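Trainee: Could we go through this structure together? I would like to start at the surface and then work inwards.

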Amino acid sequence: TSPTINGAVQMANGNIAISYKINQFIPHPTIPLFNTAELRTYVQEIDKSSGALVGGPVQIAGQTANGSEITKLADGRLLVVWQDFTTDTTRIEGQLLSADGDTKLGAVFNISAELTGRETLGDVVALQNGGFAVSWLNGFSHHLARMFTATGAAAGNDFLLTDNGAT
């Protein structure tokens, strides 16, 4: 159950916020054959001077989350995006957090407008207007992106960056 750090960003207060995942072992109460594991994504604040943990971790996503990125937006809020694996699809989801990283702002939201079945997280960038953009690779080897407003609302549909995996 060792954590895997997926990203780090300097917070508005100067401390560091890390996003990480833990593969948590969950024993079955009576039948070991039915033991399971769940991927969980967290954000943790780290003191810039001492390296000590500040407060406790905030769970961002559970059970099917994998690979995340964390970004500081223009107003200091944090954005975490990750790949979410369910039984029949992989999608990219996001969650806004307060500038101190302690409070989730709103609900988890889908990044892409059209789910293609398998999406792989690309990159996240904060925009000067307070919004953000996210890119990903879909199941058809198309690099797509989508813009969002400062409130986390989609500012349009997905758009094509490159076709057939070209860079």
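**From the surface to the cores**

Mentor: Ile31, Leu33 and Phe34 make a nonpolar surface patch of about 330 Å². Please keep in mind that this is a predicted model.

Trainee: Where is the place of Ile31 in the chain?

Mentor: Ile31 sits in the loop between β2 (16-26) and β3 (36-46).

Trainee: Why is Ile31 called partly exposed?

Mentor: Ile31 has a relative accessible area of 36%, and partly exposed is the class between 20% and 50%. Ile31 therefore counts as partly exposed.

Trainee: What about the whole chain? How much area does the protein chain expose?

Mentor: The protein chain exposes about 8,600 Å², and carbon and sulfur atoms supply 54% of that area. As for the interior, 41% of the 167 residues in the protein chain are buried.

Trainee: How many helices and strands does the protein chain have?

Mentor: There are zero helices and 12 strands. Read along the sequence, the pattern is β-β-β-β-β-β-β-β-β-β-β-β.

Trainee: Let us take one pair, then. How do β7 and β8 run, parallel or antiparallel?

Mentor: Strand β7 (residues 90-97) and strand β8 (residues 104-110) run antiparallel, and four bridges join them. Leu97 stands opposite Lys104 in β8.

Trainee: How many residues lie between the strands of that hairpin?

Mentor: The hairpin of β7 and β8 has six residues between its strands, and Gly101 takes a positive phi near 75° there.

Trainee: Now the interior. Which residues touch the most other members of the largest nonpolar core?

Mentor: They are Leu79, Val81, Phe109, Ile111, Phe132 and Val134, in a core of 14 residues. Two or more residues each come from β6 (78-85), β7, β9 (120-126), β10 (132-137) and β11 (143-148). The largest share, three residues, is given by β10.

Trainee: Is there a general idea behind such a core, and what is it?

Mentor: In soluble globular proteins, nonpolar side chains tend to be buried together.

Trainee: Which residues does Val134 touch, leaving out those up to four places away in sequence?

Mentor: Val134 touches Val81, Ile111, Leu121, Asp123, Val124, Leu144, Ala145, Arg146 and Phe148. Apart from the largest core lies another, of 12 residues, among them Met11, Ala17, Ala61 and Leu78.

Trainee: Arg146 carries a charge, I believe, so let us change topic. How many salt bridges does the structure hold?

Mentor: The structure holds three salt bridges. Arg146 forms one of them with Asp158, and their closest N and O atoms are 3.8 Å apart.

Trainee: Which parts does that pair tie together?

Mentor: Arg146 lies in strand β11 and Asp158 in the loop between β11 and β12 (159-162), so the pair ties together parts that are 12 residues apart in sequence. Both Arg146 and Asp158 are buried.

Trainee: And which residue does Arg91 meet in a salt bridge?

Mentor: The side chain of Arg91 meets that of Glu93 at 2.7 Å, N to O. Arg91 and Glu93 are both buried.

Trainee: What about Arg77 and Asp75: how do their side chains meet?

Mentor: Arg77 and Asp75 meet in a salt bridge as well, at 2.7 Å, N to O. Arg77, at 14% relative accessibility, counts as buried, whereas Asp75, at 47%, counts as partly exposed.

Trainee: I would like to look at a loop residue next. Where is Asn15 found, and is it buried or exposed?

Mentor: Asn15 is found in the loop between β1 (4-10) and β2. The cut-off for buried is under 20% relative accessible area, so Asn15, at 9%, counts as buried.

Trainee: Which residues does Asn15 touch, again leaving out those up to four places away?

Mentor: Asn15 touches Val9, Gln10, Glu45, Ile46, Asp47, Lys48 and Val54. Asn15 and Ile46 are 31 residues apart in sequence, while their C-alpha atoms are 5.9 Å apart in space.

Trainee: One last residue, please. Where is His142 found?

Mentor: His142 is found in the loop between β10 and β11. His142 is partly exposed, with a relative accessible area of 21%. His142 and Leu161 are 19 residues apart in sequence and 7.5 Å apart in space, C-alpha to C-alpha.

Terms used:
Residues numbered from 1 in each chain as written. Predicted model: local features only at pLDDT ≥ 70, side-chain atom pairs only at ≥ 80, totals over all residues. Heavy atoms only, no water. Pairing = 2+ DSSP bridges. Core = buried A, V, L, I, M, F, W, Y, C linked by side-chain atoms within 4.5 Å. Buried < 20%, exposed > 50% of the residue type's maximum accessible area, 1.4 Å probe, protein only. Contact = heavy atoms within 4.5 Å. Salt bridge = Lys/Arg side-chain N within 4 Å of Asp/Glu carboxyl O. Areas by Shrake-Rupley, 256 points an atom, 1.4 Å probe, with all protein chains shown as cover. Patch = residues over 30% accessible without salt bridge, like charges linked within 9 Å, V, L, I, M, F, W, Y side chains within 5 Å.
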